[in-house]
Amino acid sequence: MRTGSDLWRRPVDLTPDLAGRLLSGLAENHRNRLQVFAREGERVSIHDLLAVTGDSDIRVLSYFQGAVSRKLRRLLADREKKIHLMGWDFDATRWNAERTAIVDGICYVTPATRAALAHHLGDG
């Protein structure tokens, strides 16, 4: 596991055991969004993550990211609140013409996390 200032930059690797614990009791819409990573791969567009529930406001994904990260931090006893499951590819961000709103972007998980999610969600 990574330590120090590195933790905020890169998502944590889920093991199959940790993925099972994370998924246990997780809201269905969150499980369904994680299923997109299991099915599609480590890099997923925000458009695809929003399509799971028919949402169009990307702020929904902030709630999703926060809920999943809070549970993961509890499971790993991360008192510093640095561990997170997903990252954001800033270079892949697509903006509207005025650069005032994000139109699309890429969220990513590690290959180990994708494999662990696929194992539990039936796509591995």
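**Reading helix packing and burial**

Biologist: Where should we begin, and which residues of α1 and α4 meet?

Modeller: In α1, L18, R21, L22 and L23 meet V68, K71, L72 and L75 of α4, where a contact is heavy atoms within 4.5 Å. Of the residues in this contact of α1 with α4, six are nonpolar, none polar and two charged. Here Ala, Val, Leu, Ile, Met, Phe, Trp, Tyr, Cys and Pro count as nonpolar, Asp, Glu, Lys and Arg as charged, and the others, Gly among them, as polar. Please keep in mind that this is a predicted model, in which local features need pLDDT of at least 70 and side-chain atom pairs count only at pLDDT 80 or more, while totals for chains, interfaces and linings use all residues. Residues are numbered from 1 along each chain as its sequence is written, and side-chain values use heavy atoms, with hydrogens and water left out.

Biologist: How is the packing of two helices described?

Modeller: By the angle between their axes and the distance between the axes. Helix α1 (residues 16-23) and helix α4 (residues 59-75) pack at about 125°, with axes 10 Å apart. Helices are DSSP runs (H or I, at least four residues), as strands are (E, at least two), numbered from the N terminus. The axes are lines fitted to C-alpha atoms, for helices over the stretch in contact, with angles from 0 to 180 degrees between N-to-C directions. The pair is therefore oblique; under 35 degrees is roughly parallel, over 145 roughly antiparallel, 65 to 115 roughly perpendicular and the rest oblique.

Biologist: What tends to happen to nonpolar side chains in soluble globular proteins?

Modeller: They tend to be buried together. The largest nonpolar core has 28 residues, and L14, L34, F37, L49, L72, L85 and L117 touch the most other members. Such a core is a set of buried Ala, Val, Leu, Ile, Met, Phe, Trp, Tyr and Cys residues joined through side-chain atoms within 4.5 Å. Two or more residues come from each of α1, α2 (28-40), α3, α4 and α5 (111-121).

Biologist: Are I46 and H47 buried or exposed?

Modeller: I46, in helix α3, counts as buried because its relative accessibility is 2%, whereas H47, also in α3, counts as exposed at 53%. Buried means under 20% relative accessible area, exposed over 50%, partly exposed in between (1.4 Å probe, protein chains only).

Biologist: Which element holds D89, and what does D89 contact?

Modeller: D89 is in strand β2 (residues 87-95) and, leaving aside neighbours within four places in sequence, contacts R43, I106 and Y108. At 17% relative accessibility, D89 counts as buried.
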